[in-house]
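Open the structure in your viewer and keep the selection tool at hand. The stops below say what to select and what is there.

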Amino acid sequence: MLFCYRASTIDATPQFSVGRYFARARIEPSQDLSEPDGDATYESAELGDFSTEADAVGYAYEWAIRWVDEHLNPVVCRMDRG
């Protein structure tokens with residue numbers, strides 16, 4: 001599942017195996033926030049297993065929000081003035 005948060009895209013799609021959903025997150029910052037080469041993508045390790053997909057997605061999303069807040073420059077909104 002894809003979500004936008006600040007200037008990043010979060011993919012919180014879990015992996016399903018052996019009857020469990022394994023939470024994981026992939027974070028793609030906008031080019032303004034990424035490394036100079038512009039190709040930065042950050043991926044979590046496995047964040048735990050859950051009995052429902054919704055629980056796994058929710059946990060991965062919350063983890064990614066905290067990660068973005070701690071590691072990327074805060075960009076909330078840019079407004080054109082003119």
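The tour goes from the whole chain to a hairpin, then to the helix and the core.

**Whole chain.** Bear in mind that this is a predicted model. Show the protein chain as a cartoon: seven strands and one helix appear. Follow the cartoon from the N terminus, and the elements come in the order β-β-β-β-β-β-β-α. Now switch to a surface. About 5,600 Å² of the protein chain is exposed, with 47% of that supplied by carbon and sulfur atoms. Of its 82 residues, 33% count as buried. Among contacts in the protein chain with a separation of 6 or more, 49% are between residues 24 or more positions apart.

**The hairpin of β1 and β2.** Select residues 2-5, strand β1, together with residues 8-11, strand β2. In which sense do β1 and β2 pair? They are antiparallel, and four bridges join them. Pick Tyr5 and look across to β2, where Ser8 is its bridge partner. Two residues lie between the strands of this hairpin, and Arg6 has a positive phi near 50 degrees.

**The helix.** Next select residues 53-71, which form helix α1. This helix has 19 residues, and the distance from its first C-alpha to its last is 27 Å, close to the 27 Å expected at 1.5 Å a residue. Colour its buried residues: Ala56, Val57, Ala60, Ala64, Ile65, Trp67 and Val68. Turn the view to look down the axis of α1; the buried residues fall within an arc of 165 degrees, so they line one face of the helix. An α-helix has 3.6 residues a turn, so residues three or four places apart point the same way. On the face of α1 turned away from the buried side, find the exposed residues Ala54 and Glu70.

Which strands do the buried residues of α1 pack against? Show β1 and β2 again, then add β4 (20-22), β5 (26-29), β6 (42-43) and β7 (49-50).

**The core.** The largest nonpolar core has 16 residues. Select Ile10, Ala23, Ile27, Ala60 and Val68, the members that touch the most others. Helix α1 gives this core its largest share, seven residues.

Last, centre on Ile27. Leaving aside neighbours within four places in sequence, Ile27 is in contact with Ser8, Thr9 and Ile10, with Thr41 and Tyr42, and with Trp63, Ala64, Trp67 and Val68. Of these, Ala64, Trp67 and Val68 are among the buried residues of α1.

Note on methods
Residues are numbered from 1 along each chain as its sequence is written. This is a predicted model: local features need pLDDT of at least 70, side-chain atom pairs count only at pLDDT 80 or more; totals for chains, interfaces and linings use all residues. Side-chain values use heavy atoms; hydrogens and water are left out. Buried means under 20% relative accessible area, exposed over 50%, partly exposed in between (1.4 Å probe, protein chains only). Contact means heavy atoms within 4.5 Å. Accessible areas come from the Shrake-Rupley method with a 1.4 Å probe; for residues, only the protein chains shown count as cover. Two strands pair if DSSP finds at least two bridges between them. The expected span of a helix is 1.5 Å times one less than its number of residues. The arc is that of the directions from the helix axis to the C-beta atoms. A nonpolar core is a set of buried Ala, Val, Leu, Ile, Met, Phe, Trp, Tyr and Cys residues joined through side-chain atoms within 4.5 Å.
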